[in-house]
Structures are given as structure tokens and as C-alpha cells.
Amino acid sequence: MTRALMIQGTGSDVGKSLLVAGLARAFTRRGLTVRPFKPQNMSNNAAVTADGGEIGRAQALQARAARVASSVHMNPVLLKPQSEVGAQVVVQGRMIGTAKAREYQAWKPRLMESVLDSFERLRAEADIVLVEGAGSPAEVNLRKGDIANMGFARATGTPVVLVGDIDRGGVIASLVGTQAVLEPDDAAMIRGFIVNRFRGDPTLFADGIALIAARTGWSPFGLVPFFPDAARLPPEDAVALDAPQGRREGAGPLIAVLRFPHIANFDDLDPLRQEPGVRVVFVPPGTPVPTEADLIILPGSKTTIDDLDCLRVQGWDIDIRAHLRRGRRILGLCGGYQMLGRSIADPQGIEGAPRTLPGLGLLDVETVMTDAKRLVAVTGTTLADDEPFAGYEMHVGDTTGPDTARPLLRFSDGRADGAVSRDGLVAGTYVHGLFADDRQRAAWLARLGAAPGLTRYEEGIEAVLDRFADHLEAHLDCDGLLRLS
């Protein structure tokens, strides 16, 4: 029978996603066929799969770590928040509707059927399935109908290893406390623990490891030292943006990215953030756009109309127009592209109540939201300089108007995408992932009077995954984890 092992955490952002990615690469290098799996994910950072659906960005990275094509079955339930209490529900790669948090609880029994179906599909093609939990099993108020943590582990008999993050403090209480609040049958599914993101002398925490093992009866599988290069891997969700973002001081062009409340697919900017001669800052609500910015980027959004409202409330529209009067550039990506037009209409209520909102009017285009979602990988070139790109489309809405006669991109199949203003300072596109191509990124930096310092971005991701796998092999009992699975 195919092995399976589940990595759960004492909370969100304790490193579960990256640990699964690192283990996937480590076990793949040992000659095993590995498949990553996350029953339920909540994230607006999504990726288009090889089989034409969408999954959480973290599972796409884990598939890459396992050196396999991504599949909708690696993340059968994806929740894409549209408000503080509601989310779009994507099942096996396709949106099936939206639900408020309380409504969603009633959906879980039928969603478990899809979860188990996808899990069995992956088991049929793998030597081992590495399962990632969501949030924490200690959220026992959500245990009824659970499909993400112990509900899944119990339904499939998958052993669990619990991860605690020592960098945030209280790791002993987090691990021991998780056992204390779980029902005995759930606690029995946890067979071991990992302490993640340790800094300093590991011998100083030997007593801590022993105490956790004694209090819980769980096997310690290792103390993982902090791995700085993890910051070079695409983050799972906007929690990563809560840390201080970017620098304004120093030389090199300054790129200001508007951090919308419902920002999506912000990993588009990762390659630019890693450029040594480029300053990228995410501008949060309540903060003006830096007047010294050379380029303003309006990124993707899960709820474009609401985030356009927010943009105006913040006064960013005034900042954007002042930026344009200074002769500087603006780029809109996906939802940001839609905001740059004359209007956005949502007659079917795709994002909420039906309505039409004036756009920024910086591109002579109009967008109408539709219920058909485009999910496809694309390649092509930019028309201005014939530089290649590879990326993906993930959007609802059709954008038309005079400025689309000056498209930004030409796809390999001959279709055009995007629009450019008459003066060439404002551009928009539906394509995500532009800057990951070294030549494409170099072309954009040249427009800002800069040269790239980062080369072979994609190869760099592979190198980090290999180094992280080495890191885990050195500090975790990987043989013991395989025996447990």
C-alpha cells in the first residue's frame, strides 16, 4: 500500500508548506515517486495546473519539488477569501460557488468525498503521499466535519507529525497544549513532532525536546535550524506580507506595489524583489505611494471592485495621477489591469452585489465580469521588444476598448493580450508570472534605466529546493519519517 504521512502544525505559518516541499525533494532524490497533497487550503495565491484547474501556490511549489506536473488533485478544496467572512470555493480545480464561513461548515461532508477521491488518485500513482494540514488541529471549535486536519487523518488512517515554530516563541506550550485540547482519538494520530526555525546553539534546546517528548509521548523527529534562503521561494499567502517589505533607501529603481486588502498572486513580484539593484516596496493601506517611485504596479486582486474602492479611499488614485504627470510608468496585472480602464461592470454579481464602478481611466478599455474563468498556461513575447515570456492566465472578465489595439503581449497562438496607453507609460495585462523570465525581467528593468543583477531565476528556485532538502536530511530523521509513513 502507498505510504502517506501528514504534516500538521501548531498554527498557521509555522513552516508546514516548505517542510513538505523540502521533504518532497529529499524523498524524490532517494528515488521515490512523491505526490504532495493538501485537503483544504485557504489562499489567494493560486497556480494554474497542468490539467487546467487551479490549486494553492504552495502545492504547485511542492509538485515542482517532487519533479512532477501539478494537478488539481493535489489541493482538492481551495478557499479564496473574498471578504472577512466569505470565500470562493474551488473543488478539484473549478469554482463551485461562494460561501460564508458558517455556510461552509455545512458543505464539508460532501467536500470530504472530493478530498478522499483526489487522495486515492494520488495514492494510485505514488510511492508516498506527503499531506499538509491547514491551520492547526488545536482549533477544536472547528473539529466537527473537519476535512483539513484530524478529520482527514482519521478518515484515511494517515499518521501525523506536528510542527511547532520556535522562532515565534512558546513552542513547548504550543506542542504540549495541542495534545491537551485534542480528543484522545485525535491525539493518538500524532506520532511525532518537529521544532522548526531554530536560531542559535541547538544543544541549548535539548532539554526542551526531551520535555516535549516526555509530556506528549511523541517521537522527536528533529530540530530544524532557520533556513534564510526560504525567503527566495514563493510564499503561500499574504501572511508573508505582514513582515517588513522592501527598502526605499539606496540606489536603483524604486517599484511601488499597491497592497490591496484582497491582493492575489503577489508572487508575480518575487523575481523583482530578488533583484539586487532594485527596490520593491509593498504599499499598505494608510500609506501614500512614494513620490520617488519609478514604477507603480497594481497587482492581482481577488475582489477587484472592492479593492478599487479601497484604492480611492486611500487616495492612491491621486498619487497615481501625480506619478503619471511626472512621466513615470504604471503596470496593471490582471485585476490591476482592469482597474486601469474606464469602468468595471459586474452585472451577474460575480464578486458580490451587481454593480458598475468607474475605473481609473488611464487606459481606454472597459471590463465586464463574466462567470467563465480562464485558467491556462501561456507563452509568447512582448510586442515592444520581442522578448519572450511564460506565464498563466487566471481571471474572470472580458476587457475591450481602443487601447487593446496596442496590446502589450502576443501569445504563441497569435492572440493578443493587454493594452498600452498612447504615450506608452501605462500598460496592463492578464498574464501572471511575467518577471520570472530573465529576458522579460531585463527588458522591464531597461525601461527603468537599470540592468538586471539576477540571472537564471528559475534555476535559482531549483537550487534553493535542493539546498533545503540537504538541510532537512541533515537535521531531521528522514529515515524515521519514512518508517512512520
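Reader: Two strands pair if DSSP finds at least two bridges between them, so with that settled, which residue in β8 is the bridge partner of V91?
Author: In β8, V91 has R94 as its bridge partner. This is a predicted model, where local features need pLDDT of at least 70 and side-chain atom pairs count only at pLDDT 80 or more, while totals for chains, interfaces and linings use all residues. Residues are numbered from 1 along each chain as its sequence is written, and side-chain values use heavy atoms, without hydrogens or water.

Reader: OK, and how many bridges hold β7 and β8 together, and in which sense do they pair?
Author: β7 and strand β8, which covers residues 94-100, pair over six bridges in the antiparallel sense. The strand names come from DSSP runs numbered from the N terminus (E, at least two residues, for strands; H or I, at least four, for helices).

Reader: What's in the turn of that hairpin?
Author: Two residues lie between β7 and β8 in the hairpin, and Q92 in the turn has a positive phi of about 45 degrees.

Reader: Which strand pairs with β7 over five bridges?
Author: That is strand β6, residues 77-81, which pairs with β7 in the antiparallel sense. Within this pairing, L78 of β6 has V90 of β7 as its bridge partner.

Reader: Is β7 mostly covered or mostly exposed?
Author: Strand β7, residues 86-91, is mostly covered, since six of its six residues are buried. Here buried means under 20% relative accessible area, exposed over 50% and partly exposed in between, with a 1.4 Å probe and protein chains only.

Reader: Switching sheets: what's the strand order in the open one?
Author: The open sheet has six strands in the order β2-β9-β1-β10-β11-β12, and their pairing is parallel. Its edge strands are β2, residues 34-37, and β12, residues 219-225, each of which pairs on one side only.

Reader: How many bridges does β11 make with β12?
Author: Strand β11, which covers residues 190-198, pairs with β12 over four bridges in the parallel sense. In that pairing, V195 stands opposite L223 of β12.

Reader: Something odd about the backbone now: what is the phi of D13, and where does D13 sit?
Author: D13 has a phi near 60 degrees, which is a positive value in a residue other than glycine. D13 belongs to the loop that runs between β1 (3-9) and α1 (16-29), and it counts as partly exposed because its relative accessibility is 41%.

Reader: And D386, where is that one, and is D386 buried or exposed?
Author: D386 lies in the loop joining β21 and β22, and because its relative accessible area is 56%, D386 is exposed. Phi of D386 is also positive, near 60 degrees, in a residue other than glycine.

Reader: Last topic, helix α12: which residues are buried there?
Author: Helix α12 covers residues 438-447, and its buried residues are Q440, R441, A443, W444 and L445.

Reader: What do they pack against?
Author: The buried residues of α12 pack against two helices, α8 (270-273) and α13 (457-475), and against the strands β18 (329-333), β21 (366-382) and β22 (388-400), where contact means heavy atoms within 4.5 Å.

Reader: What follows α12 in the chain?
Author: Helix α12 is followed by G449, and phi of G449 is positive, near 75 degrees.

Definitions and conventions
Pairing = 2+ DSSP bridges.
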